[in-house]
Amino acid sequence: MKTDLIIIGSGPGGYETAVYAARQGLQVVVIEKNDVGGTCLNSGCIPTKALVHDAENALGKDNGQALFQAAVQRKDGIVSNLRQGVEALMHQPGITLIQGKAAFRSKHSVVVGDEEIEADHIIIATGSTAKLPPIPGLGSDGQPMSQHVVTSEELLACETLPSSLCIVGAGVIGMEMASVFSSFGCQVSVVEFMKECLPTMDSEIARRLRKMMEKQGIRFYLGAAVQKIEDRLVVFKDVKKGVETSVEADAILVATGRKPHVEGLNLEAVGIEHGKMGIVTNDNMQTNLGHIYAIGDVNGRQMLAHAATFQGYRAVNHILDKRDRIRLDIMPAAVFTRPEAASVGPTEEYCKANGIPFTAKKAIYRANGRAQAMEQTDGFVKLLFDDNDKIIACHVLGADAASMVQEISALMNLDVTRDQLSAIVHIHPTLSEILLDAARR
């Protein structure tokens, strides 16, 4: 078979890119070895956010097990419906979906089973898989994995609420799972090697969020190096004091990050450059072989579903020699804990460490009328401006944090300044008025 474009993988990067390319007149073949939709739809973003929604309704209720099982059923229904929608997209004119595992045969062809497909251009969009650290109890060094250990994908597939959960890792996945399962009544502990949770986020937000989650009954062990996992026991050592402690739990979630999925693609045979961080690409998502591109988690640049989608658009635009205005350097992100945390642009810590001049302005939720009416007064907004008063970052902790950061992301794409933001009329009463409060300080 010969086509214009092969896309390996049908996650958000793969299927959105396929639809976009087909609309531009390209003939596209999408190859997927599992369910369409990728990790995000089937065992990541979407099921997690469905549980986040139902967890809010479960707060303070004593029938957590029944509520959790109902939430799981609703979550599965949502995933199924959305998967059918993606399958329909993959049968649009110009798109051919092939089920199976793809591997490179040459620089312009891949094989799926006995079938060989050739294309002028190829996009690798195979995503990522859970990364397990090399500690006893996780199947490393010939040691068997404890039957109580799960990844986030396996935890999301669980139909019964564990009475206790120990989470190894306080990144985005770990914090979201801690928030969700605690809300349903599960006893949650979090063990993190770093001195604070969410190390890539604004340090004030990370600290405040962690303290708020502690008030919800979640226990944190920070600066803790896991030594081993034995059956239901997580054994860890205090990094500073050297004291060994353990936590016992019915389920142990290992949420220590994800790694680019490149296994089985036969990249070495065609000479595609890659390493531990993923497939190496330039700003147009080209690999060292100019007609082959890599988008999304597999290139290790920004492991976010929306990043994969827009990297895919950039790759197709480059193939078509079409200029775009996509700002991949402005990439908003959110953590859907209780409450939400979201950000776009550099943190104060990053600016200080890299000598980037900035001014920070902050406003609190408690002073906002809508926040008072919603009983959501915990939180704050922090805006960063450069020497020319242009907005360079926004960090928010509180209700609807993601929506507020999205507004600022849009303005950053237009190089809006502090004065210009201050002059934009906002609906009253809304939480977004907190952005005005911060800008006008």
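This passage describes a pocket, the enclosed cavities and one strand of a predicted model. Local features were taken only at pLDDT of at least 70 and side-chain atom pairs only at pLDDT 80 or more, while totals for chains, interfaces and linings use all residues. Residues are numbered from 1 along each chain as its sequence is written, and side-chain values use heavy atoms, without hydrogens and water.

Empty space was mapped on a 1 Å grid over the protein atoms alone: a cavity is a set of points where a 1.4 Å probe fits but cannot get out, a pocket is an open set with protein on both sides within 12 Å along at least five of seven lines, and lining residues have an atom within 4 Å of a point. Grid points are joined across faces, edges and corners, and a volume is the space filled by probe spheres set on the points.

The second largest pocket holds about 500 Å³ of space. It is lined by 20 residues, of which Met212, Arg338, Pro339, Gln376 and Ala399 are the closest to its centre. Helices and strands are DSSP runs (H or I, at least four residues; E, at least two), numbered from the N terminus. At least two lining residues of this pocket come from each of α3 (45–58) and α7 (203–215), and α7 gives the most, with four. Nine lining residues are charged (Asp, Glu, Lys and Arg), seven nonpolar (Ala, Val, Leu, Ile, Met, Phe, Trp, Tyr, Cys and Pro) and four polar (the others, Gly among them).

Two cavities of 30 Å³ or more were counted. The largest cavity, of about 50 Å³, is lined by Val52, Ala55, Glu56, Ser179, Val180, Ser183, Phe336, Thr337 and Arg338. Two or more of these residues come from each of α3 and α6 (172–183). Domain 1 (2–127 + 261–320) and domain 2 (131–247) each supply at least three residues to this lining, with bounds from an automatic or database domain assignment. The second largest cavity has a volume of about 40 Å³, and its lining comprises four nonpolar, three polar and one charged residues.

In strand β24 (residues 391–397), seven of seven residues are buried, that is, under 20% relative accessible area (1.4 Å probe, protein chains only). Strands are taken to pair if DSSP finds at least two bridges between them. β24 runs antiparallel to β21 (residues 341–344), with four bridges, and Ala341 has Leu397 as its bridge partner. Six bridges join β24 to β23 (residues 380–385), also antiparallel, and Val381 stands opposite Val396. Five residues lie between the strands in the hairpin of β23 and β24, where Asp389 takes a positive phi near 70°.

Terms used
Buried means under 20% relative accessible area, exposed over 50%, partly exposed in between (1.4 Å probe, protein chains only).
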